[in-house]
Amino acid sequence: MRTRTLTLSAAACAALLATATLPSHAFGTANPRSAQEGSVSAASLLAKVTSCSQISSGKYRTDDETSATIPVCGKHGAVFWKADMDVDCDGQVTSKCNADTDPWFQDDTAFHQSNGQPLRADSLPYVVVPSTSSIWKYTSSGIKGGGVVAVIYNGKVEYAVVGDTGPTKIIGEASYATANALGIDPDPETGGTDSGVTYILFKNSQVSPIESHSAAVSLGDSLAKQFIQNN
């Protein structure tokens, strides 16, 4: 899996201390989710992304030590890529996501809940998009924070939102909750999967509020049906 620079911010260290002092009920419980969400099958979606019309200027690495082989591809109403999945635990400090469980933990996400707080990685399925670079600018493709993503793995579909941004040269990362729902080991340090994950991001979509997973599933299912019809 990805080798990330082992650095912890002062804020992350403070977050770890806060974890030790918060009562257990403050974290809540991350409920497991259905392995298949919505009415559109994984096979139907995958049948529409068998070939790639590359829209990125270059290709991405899946990890620091790998070569750049992953393009961002364009379809009518969506962009997609096929990569690995590294596990992102960034955002709110919880019992599963903190500076102790994740050596690379950061207590913030690029996009925030409707109340201004960071997203919660252990309960909200979200996907990380590469930060803007000469390779690709996600906003130029109609992708925005809170946009809907169909994440497909091992015959399962999970709907997520665009919730965070990552390195400029690496692709293939999603939250603890996304991995967990798809049956992928969600451990941010040792989990994830090396390949086999397809990410379909629907253009000009936005879940409101971003933290509502049920809203993401409802909108995602509708957009997936349109995607099937239009491609």
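A disulfide is a pair of cysteine sulfur atoms within 2.5 Å. Cys 89 and Cys 97 fit that description, with their sulfurs 1.9 Å apart. The model you're looking at is predicted, so keep that in mind as you read. Below is a quick tour of its disulfides, strand 2 and its partners, the nonpolar core, the aromatic pairs and helix 4.

**Disulfides**

- How many disulfides turn up? The count comes to two.
- One of them is the bond between Cys 89 and Cys 97. The torsion about its S-S bond is about -65 degrees, so this disulfide is left-handed.
- Both ends of that bond are tucked away: Cys 89 is buried at a relative accessible area of 0%, and Cys 97 is buried at 1%.
- Another disulfide joins Cys 52 to Cys 73, with an S to S distance of 2.0 Å. Its torsion is about -100 degrees, so it is left-handed.
- The Cys 52 and Cys 73 pair links distant parts of the chain, 21 residues apart: Cys 52 sits in the loop between helix 2 and strand 1, while Cys 73 belongs to strand 1.
- Is Cys 73 buried or exposed? Cys 73 is buried, because its relative accessible area is 3%, and the cut-off for buried is under 20%. Cys 52, at 39%, counts as partly exposed.
- If you number the bonded cysteines in sequence order, the pairing reads 1-2, 3-4.

**Strand 2 and its partners**

- Strand 2 is a good place to start with the strands. Ten of its eleven residues are buried, so the rest of the structure largely encloses it.
- Strand 1 pairs with strand 2 in the antiparallel sense, over three bridges. Here you meet Cys 73 again, standing opposite Phe 80 in strand 2.
- Strand 1 and strand 2 make a hairpin with two residues between them, and Gly 77 there takes a positive phi near 85 degrees.
- Strand 7 also runs antiparallel to strand 2, and seven bridges join the two. In this pairing, Ala 78 is opposite Phe 202 of strand 7.
- Which way does strand 6 run relative to strand 2? Strand 6 (residues 173-175) pairs with strand 2 in the parallel sense, over three bridges. Asp 88 stands opposite Ser 175 of strand 6.

**The nonpolar core**

- In soluble globular proteins, nonpolar side chains tend to be buried together.
- The largest nonpolar core in this model has 59 residues, and the members touching the most others are Trp 81, Tyr 199, Ile 200 and Phe 202.
- Many elements chip in. Those supplying at least two residues each include helix 2, strand 3 (126-130), helix 3 (176-181) and helix 4.
- Which strand gives the largest share of this core? That's strand 2, with seven residues.

**Aromatic pairs**

- A pair of aromatic rings is described by the distance of the centres and the angle of the planes.
- A search of the whole structure finds three aromatic pairs. One of them, Trp 81 with Tyr 199, is tilted, at 5.9 Å centre to centre and 35 degrees between the planes.
- That pair bridges distant parts of the chain: Trp 81 is in strand 2 and Tyr 199 in strand 7, 118 residues apart. Trp 81 and Tyr 199 are both buried.
- Phe 202 and Phe 227 form another pair, this time edge-to-face, at 6.0 Å centre to centre and 75 degrees between the planes. Phe 202 is in strand 7 and Phe 227 in helix 4, so the pair ties together parts 25 residues apart in sequence.
- Trp 81 and Tyr 199 also join Trp 136 in one aromatic cluster.

**Phe 202 and helix 4**

- Phe 202 is buried, with a relative accessible area of 3%, and Phe 227 is buried too, at 2%.
- Leaving aside neighbours within four places in sequence, the contacts of Phe 202 include Gly 77, Ala 78, Tyr 159, Gly 220, Leu 223, Ala 224 and Phe 227.
- Helix 4 (residues 213-230) has 18 residues and reaches 25 Å from first C-alpha to last, close to the expected 26 Å.
- Among the buried residues of helix 4 are Ala 216, Gly 220, Leu 223, Ala 224 and Phe 227.
- What covers these buried residues? The cover includes helix 2 (42-46), strand 1 (73-75), strand 2 (78-88), strand 4 (148-153), strand 5 (156-166) and strand 7 (193-202).

Terms used: Residues are numbered from 1 along each chain as its sequence is written. This is a predicted model: local features need pLDDT of at least 70, side-chain atom pairs count only at pLDDT 80 or more; totals for chains, interfaces and linings use all residues. Side-chain values use heavy atoms; hydrogens and water are left out. Helices (H or I, at least four residues) and strands (E, at least two) are DSSP runs, numbered from the N terminus. The expected span of a helix is 1.5 Å times one less than its number of residues. Buried means under 20% relative accessible area, exposed over 50%, partly exposed in between (1.4 Å probe, protein chains only). Contact means heavy atoms within 4.5 Å. Rings of Phe, Tyr and Trp (its six-membered ring) pair if their centres lie within 6.5 Å; planes under 30 degrees apart count as stacked, over 60 as edge-to-face and the rest as tilted. A nonpolar core is a set of buried Ala, Val, Leu, Ile, Met, Phe, Trp, Tyr and Cys residues joined through side-chain atoms within 4.5 Å. Two strands pair if DSSP finds at least two bridges between them.
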